[in-house]
Amino acid sequence: MGRSGGAPPVVIGVDIGTTSTKAVAYDTRGRQLAGNSAAYPLDEPQPGYAEQDPRRILDAVRESIRATVAELDRPVAGLSFSTAMHSLIGLDAGGDPLTPSITWADARASRQAERLRAVPSGLALHRRTGTPVHPMAPLPKLLWFAEQEPALFERAAHWVGIKEWVLLRLSGLLVTDHSVASGTGLMDIHRLDWDTEALAVAGISGEQLPRLVSTTAVLPRLTPEGADGTGLPERTPVVVGAGDGPLANLGLGAVQPGMVACSIGTSGAMRVVVRRPGVDPLGGVFCYALTEHRWVVGGAINNGGLVLRWAGDALAPELGGHAEEELVALAARAPVGSGGLIMLPYLLSERAPHWSALPRGAYVGLTHGHRREHLVRAAMEGVCQQLALVLASVRSAGNEVNEVRASGGFARSGLWRQMLADALGVPVSFPTGHEGSSFGAALLGMQALGLIP
(Lines give C-alpha, C1' and ligand atoms only; values in the text may rest on other atoms or scores of the structure.)
Protein backbone atom coordinates (compact mmCIF):
# COMPACT_ATOMS: atom_id res chain seq x y z
CA MET A 1 0.00 0.00 0.00
CA GLY A 2 2.30 2.72 -1.20
CA ARG A 3 1.67 6.34 -1.92
CA SER A 4 -0.57 7.49 -4.77
CA GLY A 5 1.00 10.16 -6.98
CA GLY A 6 3.40 11.23 -4.22
CA ALA A 7 0.57 11.91 -1.75
CA PRO A 8 1.34 11.13 1.91
CA PRO A 9 0.05 7.80 3.29
CA VAL A 10 -3.40 7.55 4.86
CA VAL A 11 -4.42 5.79 8.08
CA ILE A 12 -8.03 5.45 9.25
CA GLY A 13 -8.58 5.97 12.97
CA VAL A 14 -11.63 4.00 14.11
CA ASP A 15 -13.18 5.10 17.42
CA ILE A 16 -15.73 2.66 18.86
CA GLY A 17 -17.69 4.96 21.15
CA THR A 18 -20.61 4.55 23.54
CA THR A 19 -23.30 5.63 21.09
CA SER A 20 -21.57 5.58 17.70
CA THR A 21 -18.44 4.51 15.84
CA LYS A 22 -16.45 7.11 13.92
CA ALA A 23 -13.97 6.25 11.18
CA VAL A 24 -11.80 9.18 10.15
CA ALA A 25 -9.01 9.14 7.55
CA TYR A 26 -5.89 11.24 8.17
CA ASP A 27 -2.71 11.60 6.19
CA THR A 28 0.73 11.77 7.77
CA ARG A 29 0.60 15.57 7.72
CA GLY A 30 -2.34 15.43 10.12
CA ARG A 31 -4.96 16.45 7.57
CA GLN A 32 -8.44 14.96 7.84
CA LEU A 33 -9.41 13.60 4.43
CA ALA A 34 -12.71 11.83 5.06
CA GLY A 35 -14.86 10.61 7.91
CA ASN A 36 -18.13 8.88 8.67
CA SER A 37 -20.01 7.63 11.70
CA ALA A 38 -22.71 5.07 12.42
CA ALA A 39 -24.89 5.13 15.53
CA TYR A 40 -26.37 2.41 17.76
CA PRO A 41 -28.51 2.45 20.90
CA LEU A 42 -27.48 2.04 24.53
CA ASP A 43 -30.12 -0.37 25.82
CA GLU A 44 -31.42 -0.19 29.40
CA PRO A 45 -33.70 -3.24 29.72
CA GLN A 46 -34.01 -2.72 33.48
CA PRO A 47 -32.78 -0.20 36.05
CA GLY A 48 -28.99 -0.19 36.35
CA TYR A 49 -28.39 -2.04 33.09
CA ALA A 50 -26.61 -0.37 30.15
CA GLU A 51 -25.80 -2.84 27.41
CA GLN A 52 -25.47 -3.10 23.64
CA ASP A 53 -25.75 -5.64 20.86
CA PRO A 54 -22.15 -6.36 19.78
CA ARG A 55 -23.32 -7.37 16.30
CA ARG A 56 -24.85 -3.92 15.74
CA ILE A 57 -21.57 -2.34 16.79
CA LEU A 58 -19.64 -4.58 14.40
CA ASP A 59 -22.01 -3.53 11.62
CA ALA A 60 -21.43 0.14 12.55
CA VAL A 61 -17.64 -0.35 12.44
CA ARG A 62 -17.85 -1.91 8.98
CA GLU A 63 -20.29 0.71 7.73
CA SER A 64 -18.27 3.70 8.94
CA ILE A 65 -14.98 2.31 7.54
CA ARG A 66 -16.57 1.36 4.21
CA ALA A 67 -18.13 4.81 3.77
CA THR A 68 -14.83 6.51 4.60
CA VAL A 69 -12.85 4.31 2.20
CA ALA A 70 -15.35 5.15 -0.54
CA GLU A 71 -14.56 8.88 -0.15
CA LEU A 72 -10.79 8.45 -0.55
CA ASP A 73 -8.84 8.74 -3.79
CA ARG A 74 -5.77 6.89 -2.53
CA PRO A 75 -4.93 3.58 -0.81
CA VAL A 76 -5.27 3.09 2.94
CA ALA A 77 -1.99 2.20 4.68
CA GLY A 78 -3.78 0.72 7.69
CA LEU A 79 -6.54 0.84 10.29
CA SER A 80 -5.96 1.78 13.93
CA PHE A 81 -8.49 1.44 16.73
CA SER A 82 -9.76 3.37 19.74
CA THR A 83 -12.54 2.14 22.01
CA ALA A 84 -14.71 3.04 24.95
CA MET A 85 -13.18 1.16 27.88
CA HIS A 86 -14.51 -1.33 30.45
CA SER A 87 -16.94 -3.31 28.26
CA LEU A 88 -17.41 -7.05 28.82
CA ILE A 89 -18.74 -9.78 26.52
CA GLY A 90 -18.85 -13.53 27.16
CA LEU A 91 -18.00 -15.64 24.10
CA ASP A 92 -18.61 -19.31 23.39
CA ALA A 93 -15.89 -21.60 22.08
CA GLY A 94 -16.65 -20.51 18.52
CA GLY A 95 -16.18 -16.83 19.32
CA ASP A 96 -19.87 -15.93 19.20
CA PRO A 97 -21.35 -13.68 21.91
CA LEU A 98 -23.24 -15.33 24.78
CA THR A 99 -24.02 -11.96 26.36
CA PRO A 100 -24.66 -8.40 25.27
CA SER A 101 -21.76 -5.96 25.50
CA ILE A 102 -21.99 -4.81 29.13
CA THR A 103 -20.80 -1.19 28.99
CA TRP A 104 -18.98 1.10 31.41
CA ALA A 105 -22.34 2.67 32.31
CA ASP A 106 -23.81 -0.61 33.54
CA ALA A 107 -24.28 -0.68 37.31
CA ARG A 108 -25.62 -4.20 37.84
CA ALA A 109 -22.42 -5.19 39.68
CA SER A 110 -22.77 -2.43 42.29
CA ARG A 111 -23.22 -4.88 45.17
CA GLN A 112 -20.20 -6.93 44.12
CA ALA A 113 -18.05 -3.80 43.72
CA GLU A 114 -19.03 -2.32 47.09
CA ARG A 115 -18.34 -5.65 48.79
CA LEU A 116 -14.89 -5.84 47.23
CA ARG A 117 -14.14 -2.18 48.03
CA ALA A 118 -14.94 -2.78 51.68
CA VAL A 119 -12.01 -5.14 52.24
CA PRO A 120 -8.30 -4.13 52.27
CA SER A 121 -7.59 -6.22 49.18
CA GLY A 122 -9.88 -3.93 47.18
CA LEU A 123 -7.57 -0.93 47.42
CA ALA A 124 -4.58 -3.23 46.86
CA LEU A 125 -6.20 -4.45 43.63
CA HIS A 126 -6.74 -0.84 42.55
CA ARG A 127 -3.08 -0.01 43.16
CA ARG A 128 -1.83 -3.06 41.25
CA THR A 129 -4.24 -2.95 38.33
CA GLY A 130 -4.75 0.81 38.00
CA THR A 131 -8.52 0.29 37.82
CA PRO A 132 -10.80 1.46 40.64
CA VAL A 133 -13.03 -1.23 42.14
CA HIS A 134 -16.30 0.02 40.64
CA PRO A 135 -19.18 -1.63 38.74
CA MET A 136 -17.93 -0.01 35.52
CA ALA A 137 -14.97 -2.44 35.51
CA PRO A 138 -15.03 -5.98 34.11
CA LEU A 139 -13.75 -7.49 37.39
CA PRO A 140 -16.94 -6.81 39.41
CA LYS A 141 -19.02 -7.64 36.32
CA LEU A 142 -17.42 -11.09 36.20
CA LEU A 143 -18.31 -11.56 39.87
CA TRP A 144 -21.90 -10.63 39.03
CA PHE A 145 -22.07 -13.23 36.24
CA ALA A 146 -20.54 -15.89 38.51
CA GLU A 147 -23.15 -15.21 41.19
CA GLN A 148 -26.24 -14.33 39.13
CA GLU A 149 -25.75 -16.30 35.90
CA PRO A 150 -23.62 -19.29 36.97
CA ALA A 151 -24.65 -21.56 34.07
CA LEU A 152 -23.75 -18.90 31.50
CA PHE A 153 -20.57 -18.09 33.40
CA GLU A 154 -19.47 -21.72 33.12
CA ARG A 155 -20.30 -21.84 29.40
CA ALA A 156 -18.14 -18.83 28.52
CA ALA A 157 -14.90 -19.88 26.83
CA HIS A 158 -13.61 -16.29 26.67
CA TRP A 159 -14.31 -12.90 28.23
CA VAL A 160 -13.49 -9.90 26.03
CA GLY A 161 -14.30 -6.23 25.44
CA ILE A 162 -16.05 -4.83 22.39
CA LYS A 163 -12.84 -3.89 20.54
CA GLU A 164 -11.41 -7.36 21.07
CA TRP A 165 -14.50 -8.95 19.52
CA VAL A 166 -14.51 -6.52 16.58
CA LEU A 167 -10.81 -7.23 15.95
CA LEU A 168 -11.48 -10.97 16.16
CA ARG A 169 -14.10 -10.65 13.43
CA LEU A 170 -11.93 -8.37 11.28
CA SER A 171 -8.53 -10.07 11.71
CA GLY A 172 -9.25 -13.55 13.06
CA LEU A 173 -7.00 -12.94 16.11
CA LEU A 174 -8.07 -12.68 19.76
CA VAL A 175 -5.81 -10.06 21.37
CA THR A 176 -6.16 -7.13 23.75
CA ASP A 177 -3.86 -4.18 24.18
CA HIS A 178 -2.24 -3.05 27.42
CA SER A 179 -4.39 0.10 27.44
CA VAL A 180 -7.77 -1.63 27.35
CA ALA A 181 -6.46 -4.37 29.65
CA SER A 182 -5.39 -1.74 32.20
CA GLY A 183 -9.06 -0.75 32.44
CA THR A 184 -10.31 -4.24 33.27
CA GLY A 185 -9.09 -4.53 36.86
CA LEU A 186 -7.44 -7.79 35.79
CA MET A 187 -3.95 -6.74 34.61
CA ASP A 188 -0.98 -5.85 36.81
CA ILE A 189 0.12 -2.51 35.35
CA HIS A 190 3.62 -2.91 36.82
CA ARG A 191 4.24 -6.34 35.22
CA LEU A 192 2.03 -5.96 32.11
CA ASP A 193 0.54 -9.39 32.77
CA TRP A 194 -2.77 -10.72 34.05
CA ASP A 195 -2.93 -10.36 37.85
CA THR A 196 -3.12 -13.73 39.62
CA GLU A 197 -5.19 -12.48 42.57
CA ALA A 198 -7.62 -10.57 40.34
CA LEU A 199 -8.17 -13.68 38.23
CA ALA A 200 -8.82 -15.72 41.38
CA VAL A 201 -11.35 -13.14 42.62
CA ALA A 202 -13.09 -13.16 39.23
CA GLY A 203 -13.09 -16.97 39.08
CA ILE A 204 -11.51 -17.18 35.62
CA SER A 205 -8.17 -18.22 34.14
CA GLY A 206 -5.77 -16.23 32.01
CA GLU A 207 -6.53 -18.59 29.12
CA GLN A 208 -10.09 -17.22 29.04
CA LEU A 209 -8.78 -13.73 28.31
CA PRO A 210 -7.28 -12.42 25.06
CA ARG A 211 -3.53 -12.46 24.51
CA LEU A 212 -1.89 -9.27 25.81
CA VAL A 213 -0.10 -7.13 23.21
CA SER A 214 1.30 -3.62 22.92
CA THR A 215 -0.98 -0.79 21.77
CA THR A 216 1.28 -0.53 18.70
CA ALA A 217 0.97 -4.23 17.82
CA VAL A 218 0.17 -4.76 14.14
CA LEU A 219 -2.22 -7.50 13.01
CA PRO A 220 -0.95 -8.30 9.50
CA ARG A 221 -4.15 -8.65 7.50
CA LEU A 222 -7.93 -8.69 7.37
CA THR A 223 -9.99 -11.85 7.06
CA PRO A 224 -11.96 -12.23 3.81
CA GLU A 225 -15.06 -11.32 5.83
CA GLY A 226 -13.31 -8.27 7.28
CA ALA A 227 -12.09 -7.14 3.88
CA ASP A 228 -15.51 -7.56 2.30
CA GLY A 229 -17.24 -5.65 5.12
CA THR A 230 -14.87 -2.68 5.09
CA GLY A 231 -14.11 -2.36 1.38
CA LEU A 232 -10.38 -2.77 2.01
CA PRO A 233 -7.90 -5.32 0.62
CA GLU A 234 -7.13 -8.35 2.79
CA ARG A 235 -3.49 -7.23 3.02
CA THR A 236 -4.50 -4.10 4.99
CA PRO A 237 -2.67 -4.11 8.36
CA VAL A 238 -4.60 -3.39 11.56
CA VAL A 239 -3.00 -1.60 14.53
CA VAL A 240 -4.60 -2.84 17.75
CA GLY A 241 -4.66 0.65 19.30
CA ALA A 242 -5.79 1.69 22.77
CA GLY A 243 -8.56 3.04 24.97
CA ASP A 244 -10.35 6.22 23.94
CA GLY A 245 -9.25 8.24 26.97
CA PRO A 246 -5.48 7.79 26.55
CA LEU A 247 -5.83 8.29 22.80
CA ALA A 248 -7.77 11.52 23.33
CA ASN A 249 -4.72 12.89 25.19
CA LEU A 250 -2.55 11.96 22.23
CA GLY A 251 -5.00 13.42 19.72
CA LEU A 252 -5.19 16.69 21.65
CA GLY A 253 -1.42 16.91 22.08
CA ALA A 254 -1.85 16.78 25.86
CA VAL A 255 1.16 14.55 26.50
CA GLN A 256 3.49 16.91 28.38
CA PRO A 257 3.69 17.28 32.20
CA GLY A 258 1.12 19.71 33.57
CA MET A 259 -1.10 19.46 30.48
CA VAL A 260 -4.50 17.89 31.21
CA ALA A 261 -6.98 16.60 28.62
CA CYS A 262 -10.66 17.06 29.42
CA SER A 263 -13.41 15.44 27.40
CA ILE A 264 -17.16 15.73 27.69
CA GLY A 265 -19.09 13.36 25.47
CA THR A 266 -21.80 11.10 26.84
CA SER A 267 -19.60 10.84 29.92
CA GLY A 268 -16.55 12.94 30.82
CA ALA A 269 -12.96 12.66 32.03
CA MET A 270 -9.81 14.50 33.11
CA ARG A 271 -6.45 12.89 32.27
CA VAL A 272 -2.74 13.73 32.46
CA VAL A 273 0.13 11.73 30.90
CA VAL A 274 2.90 10.40 33.17
CA ARG A 275 6.02 8.31 32.52
CA ARG A 276 5.50 5.56 35.12
CA PRO A 277 2.38 3.67 36.17
CA GLY A 278 1.00 4.26 39.63
CA VAL A 279 -2.05 5.16 41.72
CA ASP A 280 -2.20 7.65 44.60
CA PRO A 281 -2.32 6.14 48.13
CA LEU A 282 -6.05 6.90 48.55
CA GLY A 283 -7.03 5.43 45.20
CA GLY A 284 -8.63 8.59 43.85
CA VAL A 285 -7.42 8.21 40.25
CA PHE A 286 -7.14 5.52 37.61
CA CYS A 287 -3.94 4.65 35.72
CA TYR A 288 -4.29 3.36 32.16
CA ALA A 289 -1.65 2.68 29.53
CA LEU A 290 -1.10 4.65 26.33
CA THR A 291 2.15 2.85 25.52
CA GLU A 292 4.61 0.98 27.73
CA HIS A 293 6.34 4.30 28.45
CA ARG A 294 3.34 6.65 28.60
CA TRP A 295 0.53 6.25 31.12
CA VAL A 296 -2.59 8.28 31.72
CA VAL A 297 -3.66 9.19 35.27
CA GLY A 298 -7.04 10.75 35.91
CA GLY A 299 -10.69 10.21 36.61
CA ALA A 300 -13.86 9.68 34.61
CA ILE A 301 -17.41 10.76 35.34
CA ASN A 302 -20.48 8.85 34.20
CA ASN A 303 -22.57 11.93 33.61
CA GLY A 304 -21.45 14.34 30.90
CA GLY A 305 -23.48 15.37 27.89
CA LEU A 306 -26.17 12.85 28.77
CA VAL A 307 -27.19 15.17 31.63
CA LEU A 308 -28.09 17.89 29.13
CA ARG A 309 -29.97 15.35 26.99
CA TRP A 310 -31.89 14.22 30.08
CA ALA A 311 -32.74 17.84 30.87
CA GLY A 312 -34.12 18.22 27.36
CA ASP A 313 -36.26 15.09 27.62
CA ALA A 314 -37.49 15.81 31.14
CA LEU A 315 -37.77 19.59 31.21
CA ALA A 316 -38.24 20.72 27.62
CA PRO A 317 -39.58 17.81 25.55
CA GLU A 318 -41.21 20.18 23.07
CA LEU A 319 -37.73 21.15 21.84
CA GLY A 320 -37.20 17.66 20.39
CA GLY A 321 -34.71 14.87 20.95
CA HIS A 322 -31.24 16.41 20.55
CA ALA A 323 -31.97 20.13 20.68
CA GLU A 324 -28.66 20.99 22.33
CA GLU A 325 -28.41 24.54 21.00
CA GLU A 326 -31.93 25.40 22.14
CA LEU A 327 -31.27 23.93 25.59
CA VAL A 328 -28.04 25.90 25.98
CA ALA A 329 -29.87 29.05 24.91
CA LEU A 330 -32.49 28.30 27.56
CA ALA A 331 -29.77 27.84 30.21
CA ALA A 332 -28.16 31.13 29.20
CA ARG A 333 -31.27 32.96 30.41
CA ALA A 334 -30.45 31.94 34.02
CA PRO A 335 -27.72 33.72 36.02
CA VAL A 336 -24.34 32.25 36.89
CA GLY A 337 -24.91 29.91 39.83
CA SER A 338 -28.50 29.24 38.74
CA GLY A 339 -29.95 31.40 41.45
CA GLY A 340 -28.47 29.23 44.21
CA LEU A 341 -29.75 25.99 42.68
CA ILE A 342 -27.30 23.06 42.66
CA MET A 343 -27.67 19.83 40.74
CA LEU A 344 -25.87 16.65 41.74
CA PRO A 345 -25.69 15.14 38.22
CA TYR A 346 -25.51 11.48 39.19
CA LEU A 347 -28.12 10.14 36.77
CA LEU A 348 -26.00 7.04 36.04
CA SER A 349 -24.56 6.89 39.58
CA GLU A 350 -20.93 8.10 39.47
CA ARG A 351 -17.28 7.21 39.16
CA ALA A 352 -14.48 9.68 40.04
CA PRO A 353 -13.29 10.88 42.41
CA HIS A 354 -14.97 8.66 45.03
CA TRP A 355 -15.57 5.59 42.81
CA SER A 356 -18.86 4.60 44.39
CA ALA A 357 -21.94 3.51 42.46
CA LEU A 358 -24.26 4.55 45.31
CA PRO A 359 -24.83 8.30 44.60
CA ARG A 360 -28.04 9.38 42.89
CA GLY A 361 -28.89 12.67 41.25
CA ALA A 362 -30.65 15.51 43.05
CA TYR A 363 -31.52 19.17 42.87
CA VAL A 364 -30.60 21.05 46.03
CA GLY A 365 -31.88 24.49 46.97
CA LEU A 366 -34.99 24.48 44.79
CA THR A 367 -37.27 27.45 45.48
CA HIS A 368 -40.49 28.94 44.16
CA GLY A 369 -38.47 31.39 42.07
CA HIS A 370 -36.65 28.78 39.99
CA ARG A 371 -37.77 28.10 36.43
CA ARG A 372 -36.78 25.68 33.69
CA GLU A 373 -33.78 27.75 32.66
CA HIS A 374 -32.38 27.51 36.20
CA LEU A 375 -32.81 23.72 36.23
CA VAL A 376 -31.09 23.30 32.85
CA ARG A 377 -28.22 25.63 33.76
CA ALA A 378 -27.74 23.90 37.13
CA ALA A 379 -27.45 20.58 35.28
CA MET A 380 -24.65 21.94 33.08
CA GLU A 381 -22.92 23.60 36.03
CA GLY A 382 -23.15 20.34 37.99
CA VAL A 383 -21.21 18.47 35.29
CA CYS A 384 -18.48 21.13 35.30
CA GLN A 385 -18.25 21.12 39.10
CA GLN A 386 -17.90 17.33 39.09
CA LEU A 387 -15.01 17.64 36.64
CA ALA A 388 -13.45 20.20 38.98
CA LEU A 389 -13.56 17.59 41.76
CA VAL A 390 -11.78 15.15 39.45
CA LEU A 391 -9.12 17.74 38.63
CA ALA A 392 -8.53 18.23 42.36
CA SER A 393 -7.95 14.48 42.73
CA VAL A 394 -5.46 14.53 39.83
CA ARG A 395 -3.57 17.29 41.65
CA SER A 396 -3.71 15.45 44.98
CA ALA A 397 -2.10 12.45 43.28
CA GLY A 398 1.01 14.64 42.87
CA ASN A 399 0.49 15.95 39.35
CA GLU A 400 1.10 19.53 38.32
CA VAL A 401 -1.74 21.18 36.37
CA ASN A 402 -0.95 24.22 34.22
CA GLU A 403 -3.30 23.92 31.26
CA VAL A 404 -6.42 22.02 30.25
CA ARG A 405 -7.14 21.03 26.65
CA ALA A 406 -10.80 20.22 26.17
CA SER A 407 -12.67 18.26 23.52
CA GLY A 408 -16.09 16.82 22.86
CA GLY A 409 -19.37 17.98 21.42
CA PHE A 410 -19.84 20.41 24.30
CA ALA A 411 -16.91 22.48 23.03
CA ARG A 412 -19.15 23.81 20.26
CA SER A 413 -21.02 25.81 22.91
CA GLY A 414 -19.54 29.05 24.24
CA LEU A 415 -21.58 28.70 27.43
CA TRP A 416 -20.28 25.18 28.14
CA ARG A 417 -16.70 26.36 27.53
CA GLN A 418 -17.03 29.35 29.84
CA MET A 419 -18.65 27.25 32.59
CA LEU A 420 -15.81 24.73 32.42
CA ALA A 421 -13.08 27.39 32.58
CA ASP A 422 -14.82 29.06 35.54
CA ALA A 423 -15.23 25.76 37.41
CA LEU A 424 -11.66 24.55 36.85
CA GLY A 425 -9.93 27.84 37.52
CA VAL A 426 -7.11 27.18 35.03
CA PRO A 427 -6.66 28.20 31.37
CA VAL A 428 -8.72 25.98 29.06
CA SER A 429 -8.01 25.70 25.33
CA PHE A 430 -10.30 24.11 22.78
CA PRO A 431 -8.34 22.69 19.84
CA THR A 432 -10.47 22.42 16.72
CA GLY A 433 -10.38 20.36 13.58
CA HIS A 434 -9.92 16.80 14.88
CA GLU A 435 -11.86 14.18 16.78
CA GLY A 436 -9.49 13.55 19.71
CA SER A 437 -9.66 9.75 20.01
CA SER A 438 -9.84 8.91 16.29
CA PHE A 439 -6.92 11.26 15.57
CA GLY A 440 -4.99 9.74 18.48
CA ALA A 441 -5.66 6.27 17.08
CA ALA A 442 -4.47 7.36 13.64
CA LEU A 443 -1.28 8.90 15.07
CA LEU A 444 -0.54 5.74 17.07
CA GLY A 445 -1.20 3.70 13.94
CA MET A 446 1.14 5.84 11.85
CA GLN A 447 3.93 5.32 14.36
CA ALA A 448 3.28 1.58 14.59
CA LEU A 449 3.39 1.26 10.79
CA GLY A 450 6.62 3.27 10.57
CA LEU A 451 5.00 6.18 8.73
CA ILE A 452 5.99 8.85 11.28
CA PRO A 453 8.76 9.00 13.90
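V218 stands opposite V239 in strand β14. The model is predicted: local features require pLDDT of at least 70, side-chain atom pairs count only at pLDDT 80 or more, and totals for chains, interfaces and linings use all residues. Residues are numbered from 1 along each chain as its sequence is written, and side-chain values use heavy atoms, with hydrogens and water left out.

Strands (E, at least two residues) and helices (H or I, at least four) are DSSP runs numbered from the N terminus; two strands pair if DSSP finds at least two bridges between them. Strand β14 covers residues 238-243, and 6 of its 6 residues are buried, that is, under 20% relative accessible area with a 1.4 Å probe and protein chains only. V239 of β14 is also the bridge partner of S80.

The order β3-β2-β1-β5-β14-β13 describes an open sheet of 6 strands with mixed pairing. Its edge strands, β3 (32-39) and β13, each pair on one side only.

| Strand pair | Sense | Bridges |
|---|---|---|
| β1 (residues 10-16) and β5 | parallel | 6 bridges |
| β5 (residues 78-83) and β14 | parallel | 4 bridges |
| β13 (residues 218-219) and β14 | antiparallel | 2 bridges |

Between β1 and β5, V11 has G78 as its bridge partner. Helix α1 (residues 54-71) packs on this sheet and touches β1, β2 (20-27), β3 and β5, its direction making about 155° with that of β3. Helix α10 (residues 244-252) also packs on the sheet, touching β1, β5 and β14, at about 100° to the direction of β14. Contact means heavy atoms within 4.5 Å; axes are lines fitted to C-alpha atoms, for helices over the stretch in contact, and angles run from 0 to 180 degrees between N-to-C directions.

Notes
Buried means under 20% relative accessible area, exposed over 50%, partly exposed in between (1.4 Å probe, protein chains only).
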